[in-house]
Amino acid sequence: MADITLNRLAKVYPGGVRALHDLDLTVRDGEFFALLGPSGCGKSTLLRTIAGLEAASGGTVHIGDRDVTALQPGERDIAMVFQDYALFPHMTVEENIAYPLKVKKVGRAERAAKARRTAEELGLGPLVERRPGQLSGGQQQRAALARAMACRPRVFLFDEPLSNLDARMRLEARTFLKKLQRELGVTTVFVTHDQAEALAMADRLAVMESGELRQVGTPTEVFRRP
Ligand code: ADP
Ligand code: ADP
């Protein structure tokens with residue numbers, strides 16, 4: 001089971017900005033959970049703290065029954081996809097996908113095989129020798145997804161992964177991403193400021209404001225008219 005459980009999770013940045021106010025939340029195993037809210041409300045901070053890219057100032061993060069608060073990012077069994085994809089420009093698609101496996105000290109042959117298989121799964125087979133600069137936005141987005149999937153993580157964290165795509169590709173990517181998440185059954189937290197996107201994709205969502213979770217529920221519960 002890969003529930004994500006936050007217990008009084010707090011983040012205060014050096015300088016005193018309180019970005020997260022003692023958050024309690026459970027994202028269930030296999031769930032697609034959207035985090036919706038305006039710029040500056042703390043969405044990225046929450047994702048980065050779950051991922052271990054920021055240290056929590058208080059509280060805990062559990063993945064399943066394991067307290068990951070003290071673990072390094074690489075030990076948390078989490079993959080994160082960023083808004084700007086963060087692909088390495090000097091590496092080929094295959095090398096990009098294989099990179100996290102290299103970090104985990106998987107051997108060269110196995111790395112290449114896994115990277116190729118993941119590329120095939122995402123329809124990137126013919127593009128593995130290209131560099132990110134030779135891909136369209138949608139293809140870069142898939143390459144970033146492939147890199148996240150290559151380690152078969154228990155948790156996906158997405159920080160506005162579709163916001164740099166044009167409107168048509170964004171719709172396509174929504175469907176694709178949702179289908180992929182279903183098939184893999186990976187517990188997913190998806191940050192967006194786009195209400196329609198959250199509505200279309202999420203099993204449940206939270207509306208975040210000033211470092212607090214104001215409303216948590218299914219799209220119908222959250223957006224039901226009073
Ligand atoms: P969002 O992702 O919703 O746009 P952020 O998590 O980026 O929000 O930011 C939440 C708050 O924390 C904002 O007030 C922001 O200015 C502040 N913040 C974010 N990162 C840092 C940082 N590294 N140092 C100091 N303050 C930060
Ligand atoms: P977001 O997409 O979360 O709104 P931003 O563009 O606000 O991202 O922030 C980009 C980077 O700058 C992040 O790494 C964030 O942590 C950092 N950052 C954001 N606000 C501040 C701040 N007030 N002081 C220092 N760093 C910040």
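Here is a short question-and-answer tour of a predicted model of a protein chain with a ligand.

Reader: Let's start wide. How many helices and strands does the chain have?
Author: This is a predicted model, so treat what follows as a description of that model. Along its principal axes, the C-alpha trace spans about 50 × 40 × 35 Å. As for the elements, the chain has seven helices and 10 strands.

Reader: What radius of gyration goes with that, and is the chain compact or not for its length?
Author: For 226 residues the globule rule gives 17 Å. The chain comes out close to that, so it is as compact as a globular protein of that length. Its radius of gyration is 17 Å.

Reader: What share of the residues is buried?
Author: A residue counts as buried when its relative accessible area is under 20%. The surface that the chain does expose is about 11100 Å², with carbon and sulfur atoms supplying 49% of it. Of the 226 residues, the buried share is 49%.

Reader: Now the ligand. Which helix gives the most residues to the shell around ligand 1?
Author: The residues around ligand 1 include Tyr13, Val17, Ala19 and Pro38, and also Lys43, Ser44 and Thr45. By type, the shell divides into five nonpolar, five polar and one charged. With three residues, the top contributor is helix α1 (residues 43-51).

Reader: Which residue has a side-chain N or O atom 2.5 Å from an oxygen atom of ligand 1?
Author: Cysteine 41 has a polar backbone atom 3.2 Å from a ligand oxygen, and lysine 43 places a polar side-chain atom 3.0 Å from one. Those distances fit the 3.5 Å cut-off for a polar contact. The residue with the 2.5 Å distance is threonine 45.

Reader: How much of ligand 1 does the protein bury?
Author: Taken alone, ligand 1 exposes 560 Å². The part of that buried by the protein is 60%.

Reader: Back to α1: how many of its residues are buried?
Author: Among the buried ones are Lys43 and Thr45, along with Leu46, Leu47 and Ile50. Just after the helix, glycine 52 takes a positive phi of about 90°. The helix itself is mostly covered, and the count of buried residues is seven of nine.

Reader: What covers the buried residues of helix α2?
Author: Helix α2 runs over residues 93-103, and its buried residues include Val93, Ile97, Ala98 and Leu101. Just past the helix, lysine 105 has a positive phi of about 65°. The cover for those buried residues includes α3 and α4 (137-149).

Reader: How far apart are the C-alpha atoms of glutamate 110 and alanine 98?
Author: Glutamate 110 belongs to helix α3 (residues 108-121), and at 42% relative accessibility this glutamate counts as partly exposed. Alanine 98 is one of the buried residues of α2. The two are 12 residues apart along the chain, and their C-alpha atoms are separated by 9.5 Å.

Reader: Is arginine 204 buried or exposed, and which backbone oxygen does its side chain reach?
Author: Arginine 204 lies in strand β9 (residues 204-209). With a relative accessible area of 12%, this arginine is buried. Leaving aside neighbours within four places in sequence, its contacts include Val27, Glu31, Phe33 and Val216. At 2.7 Å, its side chain reaches the backbone oxygen of threonine 26.

Reader: What about valine 61: how far is its C-alpha atom from that of asparagine 7?
Author: Valine 61 sits in strand β4 (residues 58-63) and is buried, with a relative accessible area of 2%. Not counting residues up to four places away, valine 61 touches Ile4, Leu6, Ile50 and Val68, among others. Although asparagine 7 is 54 residues away along the chain, the C-alpha separation is 6.5 Å.

Reader: Where is serine 210, and what is its phi?
Author: Serine 210 is in the loop between β9 and β10 (212-217). At 49% relative accessibility, this serine counts as partly exposed. Serine 210 is not a glycine, yet its phi is positive, at about 45°.

Reader: And in which strand is arginine 8?
Author: Arginine 8 also has a positive phi, about 45°, although it is not a glycine. Its place is in strand β1 (residues 4-12).

Technical notes:
Residues numbered from 1 in each chain as written. Chains lettered and ligands numbered in written order. Predicted model: local features only at pLDDT ≥ 70, side-chain atom pairs only at ≥ 80, totals over all residues. Heavy atoms only, no water. Near = heavy atom within 4 Å. Polar contact = N/O pair within 3.5 Å; in protein donor to acceptor, adjacent residues only side chain to side chain. Areas by Shrake-Rupley, 256 points an atom, 1.4 Å probe, with all protein chains shown as cover. Helix = DSSP H or I, 4+ residues; strand = E, 2+ residues; numbered from the N terminus. Nonpolar A, V, L, I, M, F, W, Y, C, P; charged D, E, K, R; others polar. Rg over C-alpha atoms; globule rule 2.2 N^0.38 Å. Buried < 20%, exposed > 50% of the residue type's maximum accessible area, 1.4 Å probe, protein only. Contact = heavy atoms within 4.5 Å.
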